[in-house]
Amino acid sequence: FYRGEHVYYTAYEYIMLHKPAGVLSATEDRKQKTVLDLITDACVKDLFPVGRLDKDTERLLLITNDGDLAHRLLSPNKHVAKIYYAKIDGIVTDEDILLFKSGILLEQGFTTLPAILSILSTDLLAKTSEIELTIYEGKFHQVKRMFEATSKKVTYLKRLSMGNLQLDPTLQPGEYRRLTDSELADLL
């Protein structure tokens, strides 16, 4: 308590953000709004997004200043599942499921870790599909690049979960809250 106000100290902050489309997953940008611009009541100044979601990708994003946790969540050899929902321009097939399961060869000879692809729906007339994809790494534009490698295009993408952490359904785009003790324990 200092000068009539409660003073809090925390070494680490863990914030769940419902990232809206059109906002950069970055700590700062001179021209565009970043996810940190949305966090208005942070107790610490060295926050950063855990992983990056493309500017047009929305949903779950963890904001923290805990570098060790970020490394554990993002390191491919830790095998932390990241689940995405996507709308695809193109018909996703059983053959695609097998390709994703064995790893997709991307440009420059990089092959992704095996991924779990599920077809949620297919519109044969519109030649579109809705899918759910589980990946265990997070390379630059990885989901989009994986589908491009199969001659398809992601037209809408959102991250549903990271490890055991799922987006709080009460959070609207741009809203955030601190993780609960049980959510944090699950991540740690």
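This is a stop-by-stop tour of a predicted model, with something to select at each stop.

**Before you click**

Residue numbers start from 1 along each chain as its sequence is written, and side-chain values use heavy atoms, with hydrogens and water left out. Since the model is predicted, local features need pLDDT of at least 70 and side-chain atom pairs count only at pLDDT 80 or more, while totals for chains, interfaces and linings use all residues.

**Stop 1: the whole chain**

Show everything as a cartoon. You should find five helices and nine strands; these are DSSP runs numbered from the N terminus, with helices being H or I of at least four residues and strands being E of at least two. Follow the sequence and the pattern reads β-α-β-β-α-β-α-β-β-α-β-β-β-α. The C-alpha trace spans about 65 × 35 × 30 Å along its principal axes.

Colour by accessibility next: 45% of the 188 residues count as buried. Here buried means under 20% relative accessible area, exposed means over 50%, and partly exposed is in between, using a 1.4 Å probe and protein chains only. As for contacts (heavy atoms within 4.5 Å), take those with a separation of 6 or more: residues 24 or more positions apart account for 66% of them.

**Stop 2: helix H2**

Select residues 67–74, which make up helix H2. Which of its residues are buried? Leu-69, Ala-70 and Leu-73. Look down the axis of H2 and the buried residues fall within an arc of 100°, so they line one face of the helix; the arc is that of the directions from the helix axis to the C-beta atoms. Spin to the other side of H2 and you meet Asp-68 and His-71, both exposed. Now bring up what covers the buried residues: the cover includes strand S1 (14–19), S2, S3, S4, S7 and helix H5 (181–187).

**Stop 3: Leu-184 in H5**

Stay with helix H5 and pick Leu-184. Leu-184 is buried, with a relative accessible area of 18%. Leaving aside neighbours within four places in sequence, Leu-184 is in contact with Tyr-14 and Leu-179. For a sense of scale, draw a distance to Leu-105: the two residues are 79 apart along the chain, and their C-alpha atoms are separated by 34 Å.

**Stop 4: Thr-57 and Arg-59**

Jump to the loop between strand S2 (48–49) and strand S3 (58–64), where Thr-57 lies. Buried or exposed? Thr-57 is buried, with a relative accessible area of 1%. Not counting residues up to four places away in sequence, Thr-57 touches Lys-19, Pro-20, Ala-21, Leu-157, Lys-158 and Arg-159.

Then step into strand S3 and select Arg-59. Check the backbone: phi of Arg-59 is near 95°, a positive value in a residue other than glycine. Arg-59 is partly exposed, at a relative accessible area of 22%.

**Stop 5: the S5–S6 hairpin**

Strands S5 and S6 form a hairpin with four residues between them. They pair in the antiparallel sense over seven bridges; two strands pair if DSSP finds at least two bridges between them. To see one of the bridges, select Ile-119 and its partner in S6, Ile-131.

In the turn, Lys-127 has a positive phi of about 55°. At 54% relative accessibility, Lys-127 counts as exposed.

Go back to the loop between helix H3 (94–102) and strand S5 (116–123) for Ala-115. Ala-115 counts as buried, at 3% relative accessibility. Beyond four places in sequence, Ala-115 is in contact with Phe-100, Lys-101, Leu-133, Thr-134, Ile-135 and Met-146. Of these, try Thr-134: Ala-115 is 19 residues from it in sequence and 5.6 Å from it in space, C-alpha to C-alpha.

**Stop 6: the largest pocket**

Switch on a surface and select Arg-52, Leu-53, Asp-54, Lys-139 and His-141, the residues nearest the centre of the largest pocket among the 24 that line it. A pocket is an open set of points on a 1 Å grid over the protein atoms alone, where a 1.4 Å probe fits, with protein on both sides within 12 Å along at least five of seven lines; lining residues have an atom within 4 Å of a point.

How big is its volume? About 410 Å³, counted as the space filled by probe spheres set on the points. Strand S4 (82–89), helix H4 (142–148) and strand S7 (153–162) each supply at least two lining residues. Colour the lining by type and you get ten nonpolar, six polar and eight charged; Ala, Val, Leu, Ile, Met, Phe, Trp, Tyr, Cys and Pro count as nonpolar, Asp, Glu, Lys and Arg as charged, and the others, Gly among them, as polar.
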